[in-house]
Amino acid sequence: MLLTVATTHRPATDLGYLLHKHPDRVQRFDQSFGTATVFYPEASEERCTAALMLEVDPVRLARSRRKGSPDFSLAQYVNDRPYAASSLFAVSMGQVFSTARSGRCDSRQDLADTPIPLEVTIPVLPCRGGPGIAHRFFEPLGWTVEAEALPLDDTFPEWGDSRYVRLRITGTVRLADALNQLHVLLPVLDESKHYWQGPDEVDKLMRSGEGWLPTHPERDLITRRYLGRAGALRRVALARLAELGDDLDEVEPAAEEEVRQPDEKRVPLNAQRHAAVHQVLLDAQVRSVIDLGCGSGQFLERLVGTSAFTRVAGADVSARSVQQAAARVRLEQMSERQAERVHLFQGALTYEDDRFGGFDAAVLMEVVEHVDPSRLEAVERVVWGTARPDLVVVTTPNSEYNILYDELDGPRHPDHRFEWTRGEFSDWTQRVASTYGYAVEQRGIGESDTDHGQPTQMALFTRKEKQDD
Ligand code: SAH
């Protein structure tokens with residue numbers, strides 16, 4: 001099994017820093033199922049290629065299985081694992097390039113954060129569903145894909161194609177993203193997971209999928225294939241991805257799954273949320289708006305695209321999110337006049353910051369539940385006490401609705417510090433409104449359930465005394 005990663009970014013040998021593997025050395029890593037070797041077939045200023053070769057020892061592989069494993073048979077010793085890139089390869093890649101996958105690189109952090117020209121080649125890759133599926137998985141991530149089905153036997157073309165393809169993908173991608181995408185997509189293409197799946201598989205998928213899987217058009221298929229038949233895990237993963245992605249409606253309440261018509265179009269919850277908050281801002285005829293905790297900028301994109309708003313800002317505590325948001329709204333490509341209208345910056349809502357002030361409206365969409373309860377009062381002071389826009393719109397999950405998400409036995413997102421019932425949200429909004437001189441109205445967003453309400457709850461805070469101070 002062989003995979004090569006090449007770059008023409010100059011100096012190309014910086015690839016060695018990004019991978020944390022020196023281009024002049026051949027390094028071996030012992031693994032439970034074989035040996036991984038990293039080496040560089042070429043390393044010049046113009047072009048550098050790193051190769052990861054995995055030699056699987058079928059005997060060791062069979063022995064590394066748990067006792068009593070159900071399929072103890074000859075197939076464990078005689079199989080394609082030794083020469084076909086597969087899920088084992090992903091495991092190996094995950095371990096050998098774990099630091100590179102995390103995106104950390106002390107000596108070249110800027111480069112690690114930057115998309116660079118990359119070319120990844122895998123000569124033999126098991127690919128269930130044929131080359132088309134490789135296109136569907138890699139192209140939405142910005143790769144140019146060449147996937148060529150390998151014949152069963154060169155000398156007997158009439159026998160047709162095997163289930164293997166030769167894959168070459170090229171694109172300008174952050175190295176960490178490329179490695180994480182491969183880490184998830186190789187076993188997904190192979191679709192034959194060999195190791196037992198524990199509950200932490202979902203966490204692993206979330207980590208490797210960060211920044212690309214939640215918004216991937218084939219997210220559901222990828223998740224299903226990655227987690228295989230483990231239906232419960234799959235549902236949890238889909239719920240969590242949907243929240244990040246961020247459309248919870250993808251995860252259907254169990255009872256509805258059967259009766260739903262397959263062609264019935266549903267508007268994802270995040271889209272409904274964006275539309276609802278957007279409408280509130282338009283109805284209030286605000287001219288300037290700041291999206292506090294803007295994340296990767298999905299809603300911000302809509303704000304920027306609305307000419308009624310003469311000034312639009314986005315802030316987030318995460319630098320990565322601010323970068324993603326800037327890329328999404330194409331800040332760099334904007335004309336000077338356009339760019340003057342838009343302001344993006346890194347800032348924490350728990351600290352007073354002049355930049356939060358001076359807007360007609362502020363939006364905190366799915367943000368409060370990420371704030372530690374002990375810090376929530378600080379956020380209230382900063383937003384309602386100091387920034388004091390005429391209108392504040394807050395959305396947050398309705399925890400009562402979670403029961404309708406089958407198998408979701410925790411919060412909708414691991415980073416949620418709490419989720420409120422409608423009553424709890426109401427108590428909080430009333431308290432904030434009366435403390436800071438706002439009137440408040442509570443609404444719901446998304447499909448309504450008689451007992452449990454709507455999946456998202458929203459509050460509109462209107463400042464009682466207008467800007468006469
Ligand atoms: N508003 C976006 C993102 C929601 S996720 C959306 O609706 O899609 C929550 C976001 O809040 C994350 O991007 C997180 O970085 C940000 N956040 C959490 N605590 C914050 C704080 N104290 N200050 C600023 N942003 C914060």
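Is Glu 366 buried or exposed? In this predicted model, Glu 366 is buried, because its relative accessible area is 8% and a residue counts as buried under 20%.

**Glu 366 and its partners**

Glu 366 belongs to the loop between strand 11 and helix 16. Its side chain takes part in a polar contact of 2.7 Å with the side chain of Thr 395. The side chain of Glu 366 also reaches the backbone nitrogen of Thr 396, at 3.2 Å.

**The ligand and its surroundings**

The ligand is surrounded by 15 residues, of which Gly 293, Asp 316, Val 317, Leu 349 and Met 365 come nearest. Sorted by class, this shell consists of six nonpolar, six polar and three charged residues. The table lists polar backbone atoms that lie at short range from a nitrogen atom of the ligand.

| Residue | Distance from its polar backbone atom to a ligand nitrogen |
|---|---|
| Val 317 | 3.2 Å |
| Leu 349 | 2.9 Å |
| Met 365 | 2.8 Å |

On its own, the ligand has 580 Å² of accessible area, and the protein covers 82% of this area.

**Helix 16**

Helix 16 comprises 15 residues, 373-387. From its first C-alpha to its last, helix 16 reaches 20 Å, close to the 21 Å expected at 1.5 Å a residue. Its buried residues are Leu 376, Ala 378, Val 379, Glu 380, Val 382, Val 383, Trp 384 and Ala 387. An α-helix has 3.6 residues a turn, so residues three or four places apart point the same way. The buried residues of helix 16 pack against several strands and one helix: strand 8 (288-292), strand 11 (361-365), strand 12 (391-397), strand 13 (438-445), strand 14 (456-463) and helix 17 (422-436). After helix 16 comes Arg 388, which has a positive phi, near 45°.

**Thr 49 in strand 4**

Another residue to consider is Thr 49, which is part of strand 4 (residues 48-56). Thr 49 is buried, because its relative accessible area is 7% and the limit for a buried residue is under 20%. Which residues is Thr 49 in contact with, leaving aside its neighbours within four places in sequence? They are Thr 4, Val 5, Ala 6, Phe 39, Tyr 40, Pro 41 and Glu 42. With one of these, Glu 42, Thr 49 shares a polar contact of 2.6 Å between side chains. Phe 39 is ten residues from Thr 49 in sequence, and the two are 8.5 Å apart in space, C-alpha to C-alpha.

Key: Residues are numbered from 1 along each chain as its sequence is written. This is a predicted model: local features need pLDDT of at least 70, side-chain atom pairs count only at pLDDT 80 or more; totals for chains, interfaces and linings use all residues. Side-chain values use heavy atoms; hydrogens and water are left out. A residue is near a molecule or strand if one of its heavy atoms lies within 4 Å of it. A polar contact is a pair of N or O atoms within 3.5 Å; within protein, one must be able to donate a hydrogen and the other to accept it, and residues adjacent in sequence count only if both atoms are side-chain atoms. Accessible areas come from the Shrake-Rupley method with a 1.4 Å probe; for residues, only the protein chains shown count as cover. Ala, Val, Leu, Ile, Met, Phe, Trp, Tyr, Cys and Pro count as nonpolar, Asp, Glu, Lys and Arg as charged, and the others, Gly among them, as polar. Helices (H or I, at least four residues) and strands (E, at least two) are DSSP runs, numbered from the N terminus. The expected span of a helix is 1.5 Å times one less than its number of residues. Buried means under 20% relative accessible area, exposed over 50%, partly exposed in between (1.4 Å probe, protein chains only). Contact means heavy atoms within 4.5 Å.
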